[in-house]
Amino acid sequence: MTSAFWCGEPALAAGGDAANGKAIYQTKCVTCHGPQGKGDGPLGKKLKPPAGDFSSPESKKKSPEELRRIIENGVPKTSMVAWKSQLSAQEIDDVLAYVESLRK
């Protein structure tokens with residue numbers, strides 16, 4: 001892969017389109033993370049551990065690069081699946097841009 005992230009340089013959400021990311025988020029992520037990214041989707045609070053809340057202090061400490069890794073690779077021993085085989089690199093950039101907008 002030739003993105004800046006894979007070359008060891010930071011990958012910026014600025015390359016993503018938050019509006020497109022919102023559309024993807026609403027079809028792929030809202031069930032767990034909820035419409036505002038608070039982890040309160042219909043399945044989010046029932047999960048063990050619960051779905052991440054993007055507005056939480058813990059989430060806000062995560063860098064864009066860490067969030068990208070989570071979106072791409074999922075989180076072991078949680079319900080967060082890896083999206084890298086289902087979303088293109090651009091779609092991941094877009095979702096990341098939207099998730100970052102929810103963290104503000």
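**Core.** I started with the largest nonpolar core, which has 14 residues in this predicted model. Tyr 25, Phe 54, Ile 71, Leu 87, Val 95, Val 99 and Leu 102 have the most contacts inside it. Next I checked which helices feed this core: α1 (18-28), α4 (64-73) and α5 (89-102) each supply at least two residues. The top contributor is α5, which gives six. I jotted down the general rule that nonpolar side chains tend to be buried together in soluble globular proteins.

**Ile 71.** I picked this core residue and listed what it touches, skipping anything up to four places away in sequence. The list runs Met 80, Val 81, Ala 82, Trp 83 and Lys 84, then Ile 92, Val 95 and Leu 96.

**Trp 83.** Trp 83 turned up among the contacts of Ile 71, so I looked at where it sits: buried or exposed? Trp 83 counts as buried because its relative accessible area is 12%, under the 20% cut-off. I found it in the loop between α4 and α5. Beyond its neighbours within four places in sequence, Trp 83 is in contact with Lys 28, Ile 71, Glu 72 and Ile 92. I also took the C-alpha to C-alpha distance from Trp 83 to Arg 69: 9.8 Å, with their positions 14 residues apart in sequence.

**Pocket.** Last, I went to the largest pocket, whose volume is about 670 Å³. I noted 29 lining residues, with His 33, Ala 51, Gly 52, Ile 70 and Met 80 nearest the centre. For the lining, α1, α2 (30-33), α3 (57-60), α4 and α5 each supply at least two residues. Sorted by class, I have 17 nonpolar, eight polar and four charged residues there.

Conventions:
Residues numbered from 1 in each chain as written. Predicted model: local features only at pLDDT ≥ 70, side-chain atom pairs only at ≥ 80, totals over all residues. Heavy atoms only, no water. Core = buried A, V, L, I, M, F, W, Y, C linked by side-chain atoms within 4.5 Å. Buried < 20%, exposed > 50% of the residue type's maximum accessible area, 1.4 Å probe, protein only. Helix = DSSP H or I, 4+ residues; strand = E, 2+ residues; numbered from the N terminus. Contact = heavy atoms within 4.5 Å. 1 Å grid on protein atoms, 1.4 Å probe; cavity = no way out; pocket = protein on both sides within 12 Å on 5 of 7 lines; lining within 4 Å. Points joined across faces, edges and corners; volume = space filled by probe spheres on them. Nonpolar A, V, L, I, M, F, W, Y, C, P; charged D, E, K, R; others polar.
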